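Visitor: I would like to go through this model step by step. Please show it first.

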Amino acid sequence: MSSLTTYAAVDGVSVITLDDGKVNALSPAMLAEIQGRLDEAEAAGVPVLLTGRAQTLSAGFDLRTPPEGWPGMLVDGARLAERLLSFPLPTVIACNGNAIAMGGFTLLSADHRIGAAGEFRIGLNEVAIGMTAPWFAIAIARYRLTRTAYDHCLVTGELLGPQAALDAGFLDSVVAPEELQAAALAAAQGLAGVDVAAHAATKLRLRADVLAGIRDGIERIEQREQPEW
């Protein structure tokens, strides 16, 4: 793998860090690397902590991708969300700061989400950049956000600060930036006590509808039923 991501075993937790040196754009290469790191984490059989670089989880899909590459990149993003939502081991995300567009949908796909307090932006700004929200993304937002936030965030593209993001359902808690990694690691370690088989089976039952919505969205992209994505 390249240096877009790293994997480390830390005190009984698989820590996956995204760091492209910029805004952690979810390019096809980055998405492929994350899947590879999740393979490593699954093989380790312990909870997963996914995090980003200083002040950024991810700013979303790589907008520099040529038009012909977008369908594949969207499918890869959808499959990442699908995998996180159905991952057989507990997953925690430490949101270092900004989590925008596909970065926000990735955040919504973990079991437990902790954000850093600060002047950061979290949200789904597709309409602000001229992109119709993909069907798979709508399914994720519907599942995790409050009813009011689900409609408002997708239709207006408004980006929220960490506290407002907590109220909307993007986050489960907000801590000081210097406390983020320790808090997320403790949360992951705390989830190590669950029965793995029961955890995995319950996820699939609980999230059956959203997983079906993601798969439907993937099918729509692959069949080109939504040219504007």
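Visitor: Which residue in strand 5 is the bridge partner of threonine 51?

Guide: This is a predicted model. Strand 3, residues 48–51, pairs with strand 5, residues 91–95, in the parallel sense over four bridges. In that pairing leucine 50 stands opposite isoleucine 93. The bridge partner of threonine 51 in strand 5 is alanine 94.

Visitor: Which residue in strand 7 stands opposite cysteine 95?

Guide: Strand 5 also pairs with strand 7, residues 112–116, in the parallel sense, over four bridges. Opposite cysteine 95, strand 7 places glycine 115.

Visitor: In what order do the six strands of the open sheet lie?

Guide: The pairing in this open sheet is mixed. Strand 1 (5–10) and strand 10 (173–175) each have a single partner strand, so they stand at the edges, with one side of each left without a neighbour in the sheet. From one strand to the next the twist averages 20 degrees. The order is 1-2-3-5-7-10.

Visitor: At about what angle to strand 1 does helix 1 run?

Guide: Helix 1 covers residues 28–44 and lies across strand 1, strand 2 (13–18) and strand 3. Relative to strand 1, the helix runs at about 15 degrees.

Visitor: How many of the five residues of strand 5 are buried?

Guide: In a regular strand, side chains alternate between the two faces of the sheet. Here Thr91, Ile93 and Cys95 point one way, Val92 and Ala94 point the other way, and all are buried. Strand 5 is therefore largely enclosed by the rest of the structure, the buried count being five of the five.

Visitor: Which helix gives the largest share of the largest nonpolar core?

Guide: That core has 57 residues, and those touching the most other members are Phe61, Phe105, Leu107, Phe136, Ile140, Phe170 and Ile214. The largest share is nine residues, and it comes from helix 2 (residues 70–86).

Visitor: Which residues are in contact with phenylalanine 61, leaving aside its neighbours within four places in sequence?

Guide: Phe61 is one of the residues that touch the most other members of the 57-residue core. With those sequence neighbours left aside, the contacts of phenylalanine 61 are Leu26, Leu31, Trp70, Met73, Leu74, Gly77, Met102 and Phe136.

Visitor: How many residues are in the other core, which lies apart?

Guide: Its members include Ala94, Ile114, Ala116 and Ala187. Ala94 is also one of the buried residues of strand 5. The size of this other core is 14 residues.

Note on methods: Residues numbered from 1 in each chain as written. Predicted model: local features only at pLDDT ≥ 70, side-chain atom pairs only at ≥ 80, totals over all residues. Heavy atoms only, no water. Pairing = 2+ DSSP bridges. Helix = DSSP H or I, 4+ residues; strand = E, 2+ residues; numbered from the N terminus. Axes fitted to C-alpha atoms, helices over the stretch in contact; angles between N-to-C directions. Contact = heavy atoms within 4.5 Å. Buried < 20%, exposed > 50% of the residue type's maximum accessible area, 1.4 Å probe, protein only. Core = buried A, V, L, I, M, F, W, Y, C linked by side-chain atoms within 4.5 Å.
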